[in-house]
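Hi,

Here's the structure I promised to pass on. Have a look, and my notes follow below.

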Amino acid sequence: MDGGPGPAGLRRPGRRIARAAAPQWSGAARAHSSGYRRGTAPEAYIGDSTRPETVRTRTLVEETSRVFRARVVNPKWIEAMRRHGYKGAFELAATVDYLFGHDATTGVIADWMCDKLTETYVLDPTNREFLQRANPWALHGIAERLLEAESRGMWEKPDPAVLDALRQVYLETEGDLEGEG
């Protein structure tokens, strides 16, 4: 309503959460993030019943890693995004935004994921050329978001050479976009 904090009684129950389980991604992430913001994140688990014969429970970290490998940096998915031109490039940039937000609230995106995102989306010649051609704003946004992750300490120990290359792409796309205006 006015954007102020809720009644204290609504905040107290969350402090007692030690573990959170959810049948879907957002419930466990939400429970995890509320504790993470307080500095005492509960253990969060995701129930995966997509295959009833092999129901699995994973930690939020395990599930994030699984989704990252299976979709975010999956060459077949990226290739499918390239077939969609501008919209596919937009989806790649949106994926980086979602990961950034997820990390900001849960802290579960590991450095290797930022390394792999940079290598796959920005520094890979095929993907970079696609992004530059199809949607240069997406390439600029991806580079900007990854640099922000580093500056905020979310990407704690990037390889200096990778970071320099990322900065160079950011500056090049910034110049290209400004030159169009």
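First, a term: I call a residue buried under 20% relative accessible area, exposed over 50% and partly exposed in between, with a 1.4 Å probe and protein chains only. On that basis, buried residues make up 39% of the 181 in the chain.

Bear in mind this is a predicted model, where local features need pLDDT of at least 70 and side-chain atom pairs count only at pLDDT 80 or more, while totals for chains, interfaces and linings use all residues. Numbering starts from 1 along each chain as its sequence is written, and side-chain values use heavy atoms, with hydrogens and water left out.

On confidence: pLDDT is the predictor's own, per residue, from 0 to 100. The chain averages 84, and 76% of its residues reach 70 or more. Helices (H or I, at least four residues) and strands (E, at least two) are DSSP runs, numbered from the N terminus. Among the elements, helix 7 (residues 125-134) has the highest mean pLDDT, 98, and helix 1 (residues 8-11) the lowest, 47. Over residues 9-13 the value is below 50, and beyond near neighbours in sequence that stretch has two contacts (heavy atoms within 4.5 Å) in the model.

The chain has nine helices and three strands, in the order α-β-α-β-β-α-α-α-α-α-α-α.

Helix 8 (residues 136-151) is worth a look. Its 16 residues should span 22 Å at 1.5 Å a residue (times one less than the residue count), and the end C-alpha atoms are 22 Å apart, so the two agree. Its buried residues include Leu139, Ile142, Ala143 and Leu146. Just after helix 8, glycine 153 takes a positive phi of about 80°.

Cheers
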